[in-house]
Amino acid sequence: MLGIKTLKEHLAILPDDLATLIETFAQISMDMQTNFPKYLSGVENEPNKYGEAVAKLDAWANKTLCDNLLQTGLVRKIYSEELQTPVEGREDAPFVITLDPLDGSSNITTNNAFGIILGIYRSDFPQKGRDLVAAAYKLYGPVNTLVYTTGKGVHEFVKHYYEDGAVRFLLLHENMKLPIKPEVFGVGGKPMQWSGNFREFAKNLFKEKKMRPRYCGTFVADFSQVLHRGGFFSYPSTEGAPDGKLRLAYECAPLSFICENAGGASWDGRSGSILDVQIEDADARIPLYLGNKEVIEELKKTQGN
Ligand code: AFP
């Protein structure tokens, strides 16, 4: 049953600048969807800074989001997964943001879920994920949802079409918590490249814990399953990629912030929570493990930590 509170009303308790930034992000990402069919195929001539092909939709989403967010006058700097160097906004603007403008590009052509990840800070890097002022993600699935937290509860909204033609985000779930019983798990990379210990742990998730494997290949979509059903998600350290695949600043920090604020835990496979890792280089990758607290605790024990 849908609540009657709009996102705008929900954000009203926040400082005006933060509320406006989150509301703008929500509005642009809502409007963007109507243009997706124009950019479903093709890649840009130049690869991105990681040497990966940039889908037309990636490039368009990045430009649209950056242009519109800068226009608010609230953004001092944007670090984007798709930008060679950060883009500068007004020097006196209050926020520095991180952006994964299109999380899950490999799902564009197959018409599977993809999304956007936003991190909002007051200071510039170096800093930690724990310094996030807010984090949000957009998930384009059969319905269009937005999840945000400012560190005081995790809230989910759904794009709602009114009979008079208006379109707004309406509250779907407030103060979300990962369900106590972990139900699903998803792990990226090739099992033969995981460490033996980790492979054993993953095997036990379905053998002993009876959890169901679910993997979409879009972090926000896989995380959404953990948030709603309880469980575990990882893109681990692998042979050949000890730092895993996911980017600390653009992907791991914002979603770990949301996960921990929903009662879950995150781990970097080394020292502790992803949120306590100092982000020196916005483009760095990091192994990621997140989900229900007991699952992460068990993982730590089995990996010798
Ligand atoms: P792209 O945005 O480049 O498609 O990467 C998506 C992603 O970073 C993350 O959303 C997924 O969890 C992960 O990569 C999927 O990686 P695999 O394709 O190796 O499963």
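The turns below cover a sheet, a ligand site, a helix and a hairpin in a predicted model.

This is a predicted model, where local features need pLDDT of at least 70, side-chain atom pairs count only at pLDDT 80 or more, and totals for chains, interfaces and linings use all residues. Residues are numbered from 1 along each chain as its sequence is written, and side-chain values use heavy atoms, with hydrogens and water left out.

User: In which order do the 5 strands of the open sheet lie?
Analyst: Strands (E, at least two residues) and helices (H or I, at least four residues) are DSSP runs, numbered from the N terminus. Two strands pair if DSSP finds at least two bridges between them. Pairing in this sheet is mixed, and the edge strands, β11 (212-213) and β13 (265-267), each pair on one side only. The order is β11-β10-β12-β15-β13.

User: Is the pairing of β12 with β15 parallel or antiparallel?
Analyst: Strand β15 covers residues 288-291 and shares 4 bridges with β12. In one of them, Tyr235 has Leu288 as its partner. The sense is antiparallel.

User: Which residue of β12 stands opposite Val187?
Analyst: Strand β10 (residues 184-187) runs parallel to β12, and 4 bridges join them. Gly186 has Phe233 as its bridge partner in β12. Opposite Val187 stands Ser234.

User: How many residues of strand β12 are buried?
Analyst: Buried means under 20% relative accessible area, exposed over 50%, and partly exposed in between (1.4 Å probe, protein chains only). Gly231, Phe233 and Tyr235 point one way, Phe232 and Ser234 the other way, and all are buried. For β12 (residues 231-235), the count is 5 of 5.

User: Which elements give two or more residues to the shell around the ligand?
Analyst: The ligand has 14 residues around it, each with a heavy atom within 4 Å. The closest are Asp103, Ser105, Tyr215, Phe219 and Tyr235. The ligand sits in the largest pocket. Elements giving two or more residues to the shell are β3 (95-103) and β12.

User: How far is an oxygen atom of the ligand from an N or O atom in the side chain of Asp103?
Analyst: A polar contact is a pair of N or O atoms within 3.5 Å; within protein, one must be able to donate a hydrogen and the other to accept it, and residues adjacent in sequence count only if both atoms are side-chain atoms. Glu251 places a polar side-chain atom 2.8 Å from a ligand oxygen. Ser106 has a polar backbone atom 3.4 Å from a ligand oxygen. For the side chain of Asp103, the distance is 2.6 Å.

User: Why is helix α5 largely enclosed by the rest of the structure?
Analyst: Helix α5 spans residues 219-229. Its buried residues include Phe219, Val220, Phe223 and Leu227. After the helix comes Gly230, with a positive phi near 80°. The helix is largely enclosed because its buried residues number 9 of the 11.

User: What is the relative accessible area of Ala61?
Analyst: Ala61 is found in helix α3 (residues 56-71). Its C-alpha lies 9.0 Å from that of Phe36, with the two 25 residues apart in sequence. Ala61 is buried, at a relative accessible area of 0%.

User: Which residue in the turn between β8 and β9 has a positive phi?
Analyst: Strands β8 (residues 154-161) and β9 (residues 167-173) pair in the antiparallel sense over 6 bridges. Tyr161 has Val167 as its bridge partner in β9. The two strands form a hairpin with 5 residues between them. The turn residue, with phi of about 95°, is Gly165.

Terms used: On a 1 Å grid over the protein atoms alone, a cavity is a set of points where a 1.4 Å probe fits but cannot get out, and a pocket is an open set with protein on both sides within 12 Å along at least five of seven lines; lining residues have an atom within 4 Å of a point. A molecule sits in a cavity or pocket if more than half of its atoms lie within 2 Å of its grid points.
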